[in-house]
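Trainee: Could you give me a close look at the aromatic side chains, with the definitions spelled out, and then place them in the wider setting of the fold?

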Amino acid sequence: MSFIEFKNICKKYAGNDKNSVTDFNLDIEEKEFIAFVGPSGCGKSTTLRMIAGFEEITSGDLFIDGKRVNEVAPADRGISMVFQNYALYPHMTVADNIMFPLINRKVPKAEARERAQEMAKLVQLDHLMDRKPKALSGGQQQRVAIARALVKKPEVLLLDEPLSNLDAKLRVETREEIRRIQQEVGITTIFVTHDQEEAMSISDRIAVMEKGVVQQFEVPQKMYLNPGNLFVAQFLGTPQINIFDVTVKGGKIMCGDVILREGCKAADGNYKAGVRPEAFNVSENGILVKATHVRMTGRELQLRVALAKEELRVLVHSDMQVSVGTEFCVTIRDNQILLFDQTGKTVGKY
């Protein structure tokens with residue numbers, strides 16, 4: 001039995017004819033770090049709030065550690081939640097902020113202080129216990145919020161867009177810190193973000209959502225390499241995957257008159273093809289392309305190249321000598337051409 005089980009969960013708001021979340025089915029194991037990702041309005045935060053008990057479940061069943069919790073009050077679910085804005089008390093010190101949930105529960109002050117010190121050490125803020133939030137950086141404030149959430153020793157930790165207020169460098173540092181803390185404590189954690197790179201970098205598994213429906217739930221690397229449909233393929237990856245029209249005829253994948261692959265087993269017909277920018281190799285022989293745009297990013301060059309009537313993104317090493325108008329040949333690595341049918345479903349890799 002899984003630690004958290006979603007069975008046919010739906011959420012519908014009054015006055016709205018469409019579900020915010022539809023037929024949500026997911027099993028989460030104990031101590032897993034799970035991310036819900038998807039564009040704004042896809043239902044990921046609503047799902048998180050249903051777990052917390054802040055939103056009522058319209059239909060379906062939610063189980064935590066084998067117990068159905070649909071009607072259980074938020075305070076009795078064994079859950080802590082960290083919000084986007086941290087929600088720290090500005091007039092309280094770091095110590096008092098972390099202790100607050102325990103004091104609220106009438107835990108003796110000496111025990112509360114000892115547990116708060118333990119949590120502050122875990123998040124590496126034990127040297128800042130007497131400071132107030134305004135004297136802390138954004139990343140430090142976030143860690144105070146996490147320490148306060150963990151001091152109650154909950155069974156589940158929920159994180160709702162916890163890094164969105166931080167700058168890019170601090171986001172990377174803080175997400176790694178969150179993962180370290182989660183692994184050290186061994187707590188089942190669900191993390192909501194719209195940033196797919198963030199989700200892939202620290203999660204055990206990710207659920208990609210669109211319009212209230214889970215599109216795929218998988219280990220990040222497997223999902224990236226084997227997206228279940230066109231939406232997932234386009235949502236994951238930076239730079240974005242190339243999507244373009246192709247025809248399969250007699251085992252050949254054709255883009256216009258250019259043969260991309262032979263020996264394809266898909267049925268003859270029209271498809272969408274997906275090829276990631278890093279799947280191209282520069283070669284002496286192969287498919288002739290022309291650079292239409294060159295952007296230096298440091299480790300690599302991001303190119304736009306013309307192929308038949310398409311313009312594709314290609315990543316090459318930064319030491320390649322190329323400028324706009326340069327012609328060169330590329331090949332596409334084996335099993336790196338994804339084919340999608342007219343409904344957007346993945347039909348194979350070639």
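Mentor: With a relative accessibility of 38%, phenylalanine 54 counts as partly exposed, a class that lies between buried (under 20% relative accessible area) and exposed (over 50%), computed with a 1.4 Å probe on protein chains only. Phenylalanine 83 is also partly exposed, at 30% relative accessibility. The model is predicted, so local features require a pLDDT of at least 70 and side-chain atom pairs count only at pLDDT 80 or more, while totals for chains, interfaces and linings use all residues. Residues are numbered from 1 along each chain as its sequence is written, and side-chain values use heavy atoms, with hydrogens and water left out.

Across the whole structure, a search finds seven aromatic pairs, where rings of Phe, Tyr and Trp (its six-membered ring) pair if their centres lie within 6.5 Å, and planes under 30 degrees apart count as stacked, over 60 as edge-to-face and the rest as tilted. Phenylalanine 24 and phenylalanine 36 make an edge-to-face pair, because their ring centres are 5.7 Å apart and their planes meet at 70 degrees. This pair links distant parts of the chain, with phenylalanine 24 in strand β2 (residues 21-28) and phenylalanine 36 in strand β3 (residues 33-37), twelve residues apart; helices (H or I, at least four residues) and strands (E, at least two) are DSSP runs, numbered from the N terminus. Phenylalanine 24 is buried at 0% relative accessibility, and phenylalanine 36 is buried with a relative accessible area of 0%. The pair of phenylalanine 54 and phenylalanine 83, by contrast, is stacked, at 6.3 Å centre to centre and with 20 degrees between the planes. Because phenylalanine 54 lies in the loop between α1 (44-52) and β4 (59-64), and phenylalanine 83 in the loop between β6 (79-82) and α2 (94-104), that pair ties together parts 29 residues apart in sequence. Phe6 joins Phe24 and Phe36 in one aromatic cluster.

Rings also meet charges here: a charge sits over a ring if NZ of Lys or CZ of Arg is within 6 Å of the ring centre and within 35 degrees of the ring normal. Lysine 11 lies over the face of tyrosine 13, at 4.8 Å from the ring centre, and arginine 276 over the face of tyrosine 224, at 3.9 Å from the ring centre.

Arginine 276 leads on to isoleucine 241, since it appears among the residues in contact (heavy atoms within 4.5 Å) with isoleucine 241 once neighbours within four places in sequence are left aside, the others including Val275, Pro277, Arg313 and Leu338. Isoleucine 241 sits in the loop between α8 (230-235) and β11 (242-249) and counts as buried at 2% relative accessibility. Its C-alpha atom is separated by 9.6 Å from that of valine 314, which is 73 residues away along the chain.

Strand β11 belongs to an open sheet of six strands in the order β13-β12-β11-β14-β20-β21, with antiparallel pairing; two strands pair if DSSP finds at least two bridges between them. The edges are β13 (258-261) and β21 (346-349), each with a single partner strand, so one side of each has no neighbour in the sheet. Strand β12 (residues 252-255) pairs with β13 in the antiparallel sense over three bridges, and cysteine 255 stands opposite valine 258 in β13.

A further antiparallel pairing joins strand β17 (residues 300-307) and strand β18 (residues 310-317) over eight bridges, with glutamate 300 opposite histidine 317 in β18. This hairpin has two residues between its strands, and alanine 308 takes a positive phi near 55 degrees there.

Helix α2, which bounds the loop of phenylalanine 83, has buried residues Val94, Ala95, Asn97, Ile98, Met99, Pro101 and Leu102. These residues pack against α3 (109-122) and α4 (138-150), and the helix is followed by lysine 106, whose phi is positive, near 65 degrees.
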